[in-house]
There are 2 protein chains.
Amino acid sequence: MSKLVIVGTCAFDQIETPFGKTDKILGGAATYIGLSASQFDIDPAIVSIVGEDFPQEYINKLTSRDINAEGIEVVKDGKTFYWSGKYHNDMNTRDTLVTELNTLESFNPVVPESYKDADIVMLGNLQPTVQLSVIEQMTSPKLVILDTMNFWMDIALDELKTTLKKVDVITINDEEARQLSGEYSLVTAAKIIHSMGPQYVVIKKGEHGALLFHDNEMFYAPALPLAEVFDPTGAGDTFAGGFAGFLAQSGNISFENMKNALIYGSCLASFTVESFGTERIESVSKDEIKKRLQQFKQLTQFDIEFN
Amino acid sequence: MSKLVIVGTCAFDQIETPFGKTDKILGGAATYIGLSASQFDIDPAIVSIVGEDFPQEYINKLTSRDINAEGIEVVKDGKTFYWSGKYHNDMNTRDTLVTELNTLESFNPVVPESYKDADIVMLGNLQPTVQLSVIEQMTSPKLVILDTMNFWMDIALDELKTTLKKVDVITINDEEARQLSGEYSLVTAAKIIHSMGPQYVVIKKGEHGALLFHDNEMFYAPALPLAEVFDPTGAGDTFAGGFAGFLAQSGNISFENMKNALIYGSCLASFTVESFGTERIESVSKDEIKKRLQQFKQLTQFDIEFN
């Protein structure tokens, strides 16, 4: 089975939306990526760091889905990364209320020996030099996927650019693509980001879907329009996990197959937003996923004939 | 050949974008709808009103594309509707600088006798009671398509609701769908708008594409991502003209065929934004359209197999 190395945060999230407020619940980029990728027939491992306050129950949630947790360092007497945020009524914008880095400040990821030969690495949003240190531990990865955000463009742009040279696929949102490239048009922005390293540029547009750029080719995966978005937290990471997980399972990293990966990512993300935290992505069944993929087909496929 | 009745403004537009500024040029909803619809093998007629200042050359632009102009009333000593606007740097928002209704204030549309039996009516954005008066002149239209905007929701909501009872397809943008329905989710908004009359709800999202809703079905047509958007004026009307023109040509108003119509609309709109005013939609060739439709296929079609 194809190995997938996932690096990122395992965290406590506390979320407020117009629908309610949670206590501290399981969150973090690596958590969502892992739960999403574990929908596929692959061998995923999470590399992360938590404190002693991180419940064993949360680790069990991961390992019960056959996610290897050997690379999750538990810091004695340490506290787990904690994020709290509040969504506005439109559910597209949010305020961060609290960010406590805690053990994340000294995160020095160590890829377990048996995963160093993995074909695919999915780097969740982290300090770019930390992401680079993971790439350097891998023997000969076929595909390195990196997620990042505006925060690192603001305070660590040079480090990010150095890391990007070793990256095959970058996933960022539309505003971040504009910031990183200095171009408003996403087509032009993608070309400039190509030239920084990544051959493939995935631009996430939230409720407006996601675009994949490669050379002069483009592909567009819509987000599934939903009657109710309950909690958008983790949608982008679920998307990335579905993308990486599908590619790992199929063992085919062609542009054509990345189209399918983008649809899988978008499909899985549509479940995550249906309830608070990881609840829905933990419980979704293969049948539900299949039905929703059919909805994506109906949503996008047309039959204009050309002669 | 299938007849299509188009009602709306023929106008002078004066446009300023970050790329430059025009003099008064040919514009108006009916103009863009007509030029777009005339790409198909149909018999379209425009019903509109202009002043004596409207150049014969502009009328010729329409008739040379086999658009019947009998229903364009020319008011002696009257002045043509004039709109001037300035786009912001993001090209998604604009300020209206001048609106002079002129002859439009006394527009009393008269559908030419030989077009009263047309199967499809495309009502461009106008006062809702004026739109209704056109529907009432038709013998037995199979499909009435109506475009409108927030302005009428603000000042003539009751009239709009009365007109909507006679409408099969409404095209509005996302903010207008939210305003008309009072719902943020577009899925829920479409359901409420259905209940006002239109069986089909098309929600235009500009650079984010367009959604078609019917009962519990949805279809999504992306906008083609472009390296450069030169002038968005008329994109929505070009979209509507492509949608209506394709349906008229195929004589098939099923939901499945509306998917193709949505793609055609989006495809033709992608040309309009490539230069100022009607320049590009006037000059585009059948071959260019065909090539771009292929791009839409590549942009959206994927081949996940289900077993």
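User: In this predicted model, how many of the five residues of strand 1 of chain B are buried, and what does that say about the strand?

Analyst: Let's start with the strand itself, residues 3-7 of chain B. A residue counts as buried here once 20 or more other C-beta atoms lie within 10 Å of its own. Strand 1 of chain B is largely enclosed by the rest of the structure, because the number of its residues that are buried is four.

User: Which strands pair with strand 1 of chain B, and in what sense?

Analyst: On one pairing, five bridges link strand 1 to strand 5 (residues 43-51) of chain B, with B:Ile6 partnered by B:Ile46. On the other, there are four bridges, and B:Val7 sits opposite B:Leu123. So the partners are strand 5 and strand 9 of chain B, both parallel.

User: Which residues have the most contacts inside the largest nonpolar core?

Analyst: That core has 188 residues. In chain A, one of the two has contacts beyond its sequence neighbours that include A:Ile33, A:Ile46, A:Val47 and A:Met122. The pair you're after is A:Ile6 and B:Ile6.

User: What kind of axis relates chain A to chain B?

Analyst: Chain A lands on chain B with an RMSD of 0.0 Å after a turn of 180° and a shift of 0.0 Å along the axis. That makes it a two-fold axis.

User: Which helix of chain A supplies the largest share of the side that touches chain B?

Analyst: The contact draws 30 residues from chain A and 29 from chain B. Among the elements of chain A giving at least two residues are helix 7, strand 14 and helix 9. The largest share, six residues, comes from helix 11.

Notes:
Residues are numbered from 1 along each chain as its sequence is written. Chains are lettered from A and ligands numbered from 1 in the order in which they are written. This is a predicted model: local features need pLDDT of at least 70, side-chain atom pairs count only at pLDDT 80 or more; totals for chains, interfaces and linings use all residues. A nonpolar core is a set of buried Ala, Val, Leu, Ile, Met, Phe, Trp, Tyr and Cys residues joined through C-beta atoms within 7 Å. A residue is buried if 20 or more other C-beta atoms lie within 10 Å of its own, exposed if 12 or fewer, and partly exposed in between; C-beta atoms are placed from the backbone. Two residues are in contact if their C-beta atoms, placed from the backbone, lie within 7 Å. Copies are superposed by least squares on the C-alpha atoms of residues with pLDDT of at least 70 in both. Two strands pair if DSSP finds at least two bridges between them. Lists of a residue's contacts leave out its neighbours within four places in sequence.
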